[in-house]
Amino acid sequence: MMQDTTTNTLTSGNVTIPVIDFSLFTTNPEECARQVGEASQNIGFFYLKNHGLPQDLIDKMFNVSENFFQRPLESKTKHMIGPDNTGYSPMKSETLDPETQTQGDLKEAYNARKGSIDDDITLFFAQGDKELQAKVGEFFKGLHNLARNVMQCFAIALQVPEAAGGRHYFDGSHQWEASSGTTLRFLHYPQQTGDPNTPLAGSHTDYGSITLLMQKDIAGLEVQASRIHKNVPWVAAPVIPNTILVNIADHLQMWTNGLLKSTKHRVMYNPQQLNHSRYSIACFIHANDTTKLDPIPTPLITQEMRAEGVEFEEGRNMTAGEYLDWRLAQTYNFNFDQIPDGTM
Ligand SMILES: O=C(O)CCC(=O)C(=O)O
Ligand SMILES: [Fe+2]
């Protein structure tokens, strides 16, 4: 793995995760859309630099997260996650790859939802500090706004006809005010001994439109590359300061009938975790609950491709809300009669 500063790409063999300068969105949206579209048809992941979110706000959010996860387990379990996907999920409670994992993910998480951002649940996460709670809301809205701009790039790259909304095609289906599965998730992979072959979070795709991810200090995320390069099964997605990593998730793959890739990824044990915790923050952007996941109007999807229905056959005829419920039911055990004791 090396960083090539001349071409702004990270390379591992022939596989690249591009770094896109998002100030292009303002100065040259067509070029920005071209780069986003290209990355999304290949690896399905790209970094954004100059994304517009203040770094001190991101740093503050990592601080809140650290303070929260340092609390005793009996405090964290006061707001347990349930089918509404809000609150605390303890170690091993989620299994992202149920077909191959023999134990749950070695992580704990705290989920905020748009609808819960002004509630006691988020206030509890922000240590009862109302100013900090407002910052969590500002952060979440900032990420949502960035995601809407990235979605404009997709609409441009997909050449959605003006009559169908053009570059604003996805605006209506990604409204802050609408009910949706959009979730801000704070993740903690505790300091631990481990085996480099054991995933801390199993291989999976994300369930929404796109995901925005911030990682801190400790790498571990790997992205499946075998689809574009058969000799490179996984490529590392390292921590690059001042960037946000974006990945295509299932809605976009279904809307484009596989033209854009919802790429599998996983978090592997990093030996640095012998002495350090790993923290990340993911913002899962979902379309409004009522949005259908059928192919969208774009000349890039031919009639044959529409008929073929490449992958995610299960998601066909579902709405975004139904699809999320279905995926969560497969990966969570919401029966917390026996709360895990926090050990591994
Ligand atoms: O922690 C990470 O770096 C990635 C987490 C992730 O992929 C997820 O929660 O869906
Ligand atoms: Fe993920």
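**Exercise 1: A strand with neighbours**

Work out how strand 6 (residues 108–113) and strand 7 pair, and over how many bridges.

*Solution.* Strand 6 and strand 7 run antiparallel, and six bridges join them. Keep in mind that you're looking at a predicted model. For one concrete pair, start at Glu108: its bridge partner in strand 7 is His188. Now look for another partner of strand 7. Strand 14 (residues 278–285) pairs with strand 7 too, in the antiparallel sense over seven bridges. Pick Arg185 this time, and you'll find Ala282 as its bridge partner in strand 14.

**Exercise 2: Two faces of strand 7**

Sort the residues of strand 7 by the way they point, and decide whether they are buried or exposed.

*Solution.* Begin with a rule of thumb: side chains in a regular strand alternate between the two faces of the sheet. Next, sort them. Thr183, Arg185, Leu187 and Tyr189 point one way, while Leu184, Phe186 and His188 point the other way. Then check the cover: buried means under 20% relative accessible area, and seven of the seven residues in strand 7 (residues 183–189) are buried.

**Exercise 3: Holding an iron ion**

Find which residues coordinate the iron ion (ligand 2), and at what distance.

*Solution.* Step one is to list the donors: His204 (NE2), Asp206 (OD) and His265 (NE2) coordinate the iron ion, at 2.2 Å. Step two is their spacing in sequence, which reads H-x1-D-x58-H. Step three is to place the two histidines: His204 sits in strand 8 (residues 199–204) and His265 in strand 13 (residues 265–268), so this pair ties together parts that are 61 residues apart in sequence. Both His204 and His265 are buried, by the way.

**Exercise 4: An open sheet**

Give the order of the four strands in the open sheet that holds strand 8 and strand 13.

*Solution.* Read across the sheet and you get 8-13-10-11, with antiparallel pairing. Strand 8 and strand 11 (234–236) are at the edges with a single partner strand each, so each has one side without a neighbour in the sheet. On average, neighbouring strands of this sheet are turned by 25 degrees against each other, ignoring direction. Zoom in on strand 10 (residues 221–224): three bridges join it to strand 13, running antiparallel. There, Glu222 stands opposite Arg266 in strand 13.

**Exercise 5: Two helices crossing**

Describe how the axes of helix 2 (residues 29–41) and helix 6 (residues 130–157) cross.

*Solution.* Packed helices are described by two things, the angle and the distance between their axes. Here the axes come within 8 Å and cross at roughly 85 degrees. Angles from 65 to 115 degrees count as roughly perpendicular, and therefore helix 2 and helix 6 are roughly perpendicular to each other. Who meets whom? From helix 2 come Pro29, Glu30, Cys32, Ala33, Val36, Gly37 and Ser40, and from helix 6 come Cys153, Phe154, Ile156 and Ala157. Sorted by type, the residues of this contact are eight nonpolar, two polar and one charged.

**Exercise 6: Thr122 and the whole chain**

Decide whether Thr122 is buried or exposed.

*Solution.* First locate Thr122: its place is in helix 5 (residues 120–125). Its relative accessible area is 2%, so Thr122 is buried. Setting aside neighbours within four places in sequence, Thr122 is in contact with Ala112, Ser116, Ile117, Gln133 and Val136. Now zoom out: buried residues make up 56% of the 344 residues in the chain, and the chain has nine helices and 14 strands.

Notes. Residues are numbered from 1 along each chain as its sequence is written. Chains are lettered from A and ligands numbered from 1 in the order in which they are written. This is a predicted model: local features need pLDDT of at least 70, side-chain atom pairs count only at pLDDT 80 or more; totals for chains, interfaces and linings use all residues. Side-chain values use heavy atoms; hydrogens and water are left out. Axes are lines fitted to C-alpha atoms, for helices over the stretch in contact, and angles run from 0 to 180 degrees between N-to-C directions. Angles under 35 degrees count as roughly parallel, over 145 as roughly antiparallel, 65 to 115 as roughly perpendicular and the rest as oblique. Contact means heavy atoms within 4.5 Å. Ala, Val, Leu, Ile, Met, Phe, Trp, Tyr, Cys and Pro count as nonpolar, Asp, Glu, Lys and Arg as charged, and the others, Gly among them, as polar. Donors are N, O and S atoms within 2.8 Å of the metal (3.2 Å for Na, K and Ca); water is not among the atoms, so sites may look incomplete. Buried means under 20% relative accessible area, exposed over 50%, partly exposed in between (1.4 Å probe, protein chains only). Two strands pair if DSSP finds at least two bridges between them.
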